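Good morning, and thank you for joining this meeting. Before I begin, please take a moment to look at the sequence and the structure.

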Amino acid sequence: MKILDEKEPGLLKWAVRGDEQAFLVLYRKHQAPLYRYALRMTGSPWAAEEVVQEVFLLLIREPQKFQPDRGELGAFLFGVTRNRVMKHLERRPREDSLDEMNANGNVWREPQDPLTPMMIAEKSERIEQVREAVLELPAEFREAIVLCELEEMSYEEAAQACGCPVGTIRSRLHRGRALLLAKLELLRDAPRRAGAGAK
Amino acid sequence: MKKVIKLMSCEQFELLGLDMDRPDAQPEEVAAAGEHAANCARCFAMLESWRELKQDLRLLHEHTLLESAPTRVEMRLKQELRTRRETRVPRSAVAIATWALATAAALAAAIGWMHWREGGSNHTDAATLQVAAVARDNAEPTLDASLLTADYDSGEFTQLPGSMPTASADESVLQARVQRGALVQFGLPVAPEQAAEWVDVDFLVAEDGQPLAVRLHQDASSESVTQ
C-alpha cells in the first residue's frame, strides 16, 4: 500500500485523518522502546502502560505539537514520554512492588536458555537485584543508567534525549554507577555476612 | 581536540575507566585505563565489580529487550482513532447542512425579493389599469355608477363590492376625507379627471376593520356623481 511508503510526517498526517494502518505503523515502530524506558524508570508496568498510552493519545489528539522541522518523531515521542515519566515519579515515588510486576506477567519472562533450575534461579535473582538497585537510584542517575547501559545509547544520543550536555550525562552515569555498585555490594554481601554471623 | 591521557590517576580512572568496555570509548583512554588498572589494585577491583555489574545489566537488558506495551494499549488507541473518525463525519455533515441551509435561505430571500419587485410593479400596473377601466366604464355609465349615484341621492350607504350586508350592531361609521381616486381601491368607479378631488366619505366598517359600505356626504354628492 502507498501509505506505508510514506515517511513518518506523512504517516502521521494519514493517521490523524483516521487511517488506522498508518497509525499502527508509527505505533508499532515506537512503542516498545518508549514502554521499556518508562518501565525501567518507573518500575511499574501499569505506569509504563499509562505513559505509553498518554503519549500516543497526545499524538492523535494534538498532532500539531510535533514539528518535523525540529526533529524526528522518535525524539519527540521520547521527550513526551520522559516528561510523563518524570511527572509520574514526582507524583508517586515508586509505589509498585516488584511482586506486583511479577504477578502482572508483563515483566518477567522465563529464560529459554539451557540452564539448570538452580542456575536459572540464581540468574533471576541477580537480575531482580539489579532491577531493584536501578529503581532505587535517584531519577537523574537512573535515567543515565537506563539510557546508556540498558538502552545502550551513546552519550550523544542520551544527551540529546535528555536535553543536556554530554558532560552532564557522563557525570550522572559516573555517579549512577558508583551508587549502583555500592547498592549491589551491600545486597550481595548481606546474605554472606548473615551466613558468616550464623556460623 | 581530545587530550591524550598517558598516565591515568585514580580519580581519572573513576571517571573514565569504567567506559573502557564501551564500543564508543576512545582507544587512548582505553589504553591508559588498562595500564592504570594493571598497576592499581583498588581500581582493578572496582573495574572487576563493574564488569560483574555490567554483565547483570546486560542480562536485565536481554530479559527486557522484547518487552512492549500490552496489546490492550493498541486496542484503546485504535478505538480512540475510530471514535475521532466517526465524530469527524457528523461534523462535516453538519457543516454541509449549515451551508445548504444558508444557501437555501439566500435563495429564498432572492426569490422573495424578485417576487416583491414584480408584485409591486404589477400592483401599480393593476391600479392604473383599474383606473383606466373605470374611466372607460364611466364614459358609459354602468349599473354600479348609477347605484352609487342613487345612493348619494338617498343618503344611504352603498355596499362595497365583495362585502355582504350584515345586521351586526358592531359596525361603526368612519368619516374620512380622501381623494376620489382612492375609492378605486374599494372597487368604486372614479373618473380619471376627478381622481385628484377631495371628498368627505363615510365608511361603514365591520368589527374586524374591513369596510363594508361607503357613503359620500350630501354636499359632495353633486361633485361625486360619476361620469
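**Two chains, from the fold to the details**

Let me begin with chain A: of its 199 residues, 35% count as buried, where buried requires 20 or more other C-beta atoms within 10 Å of the residue's own, exposed means 12 or fewer, partly exposed lies in between, and C-beta atoms are placed from the backbone. This is a predicted model, in which local features need pLDDT of at least 70 and side-chain atom pairs count only at pLDDT 80 or more, while totals for chains, interfaces and linings use all residues. Residues are numbered from 1 along each chain as its sequence is written, and chains are lettered from A and ligands numbered from 1 in the order in which they are written.

Chain A has nine helices and zero strands; helices (H or I, at least four residues) and strands (E, at least two) are DSSP runs, numbered from the N terminus. Its elements therefore read α-α-α-α-α-α-α-α-α from the N terminus on. Among contacts in chain A between residues at least 6 apart in sequence, 57% join residues at least 24 apart. Two residues are in contact if their C-beta atoms, placed from the backbone, lie within 7 Å.

A word on confidence, given by pLDDT, the predictor's confidence in each residue from 0 to 100. The mean pLDDT of chain A is 81, and 80% of its residues reach 70 or more. Over residues 96-105 of chain A the pLDDT is below 50, and this stretch has 11 contacts in the model beyond near neighbours in sequence. Residues 107-111 of chain A also have a pLDDT below 50, with seven contacts in the model beyond near neighbours in sequence.

Chain B has another make-up: six helices and four strands, in the pattern α-α-α-α-α-β-β-β-β-α along the sequence. Of its 227 residues, 19% count as buried. For contacts in chain B with a separation of 6 or more, residues 24 or more positions apart account for 62%.

How many residues does each chain bring to the contact? Chain A brings 31 residues and chain B brings 28 residues. On the side of chain A that touches chain B, the elements giving two or more residues are helix H2 (20-42), helix H3 (45-61), helix H6 (117-136), helix H7 (139-150) and helix H9 (166-198). Of these, H2(A) gives the most, with eight residues. By class, this side of chain A has 15 nonpolar, six polar and 10 charged residues. Here Ala, Val, Leu, Ile, Met, Phe, Trp, Tyr, Cys and Pro count as nonpolar, Asp, Glu, Lys and Arg as charged, and the others, Gly among them, as polar.

I turn now to the interior. The largest nonpolar core has 65 residues, and those with the most contacts inside it include A:Leu34, A:Ala38, A:Cys148 and A:Ala158. Such a core is a set of buried Ala, Val, Leu, Ile, Met, Phe, Trp, Tyr and Cys residues joined through C-beta atoms within 7 Å. H2(A) gives the most to this core, with 10 residues. A second, separate core of 10 residues includes B:Leu183, B:Ala191, B:Leu204 and B:Ala213.

Leaving aside residues up to four places away in sequence, A:Cys148 touches A:Met153, A:Tyr155, A:Ala158, A:Ile169 and A:Leu173. Two of these partners, A:Tyr155 and A:Ala158, belong to helix H8 (residues 155-162) of chain A, where the buried residues are A:Tyr155, A:Ala158, A:Ala159 and A:Ala161. Seen down the axis of H8(A), these buried residues fall within an arc of 160°, so they line one face of the helix; the arc is that of the directions from the helix axis to the C-beta atoms.

On either side of this helix the backbone deserves a remark. A:Glu152 is placed in the loop between H7 and H8 of chain A, and its phi is near 55°, a positive value in a residue other than glycine. Most residues other than glycine have a negative phi. A:Glu152 counts as partly exposed because it has 14 C-beta neighbours inside 10 Å. Just after H8(A), A:Gly163 takes a positive phi of about 70°.

Finally, the strands. An open sheet in chain B has four strands in the order S1-S4-S3-S2, with antiparallel pairing; two strands pair if DSSP finds at least two bridges between them. Strand S1 (158-159) and strand S2 (172-179) of chain B stand at the edges with a single partner strand each, so one side of each is left without a neighbour in the sheet. S1(B) pairs with strand S4 (residues 211-216) over two bridges, and B:Thr158 stands opposite B:Val214. Eight bridges join S2(B) to strand S3 (residues 198-205), with B:Val173 opposite B:Leu204. S2(B) is hardly covered, with zero buried residues among its eight.
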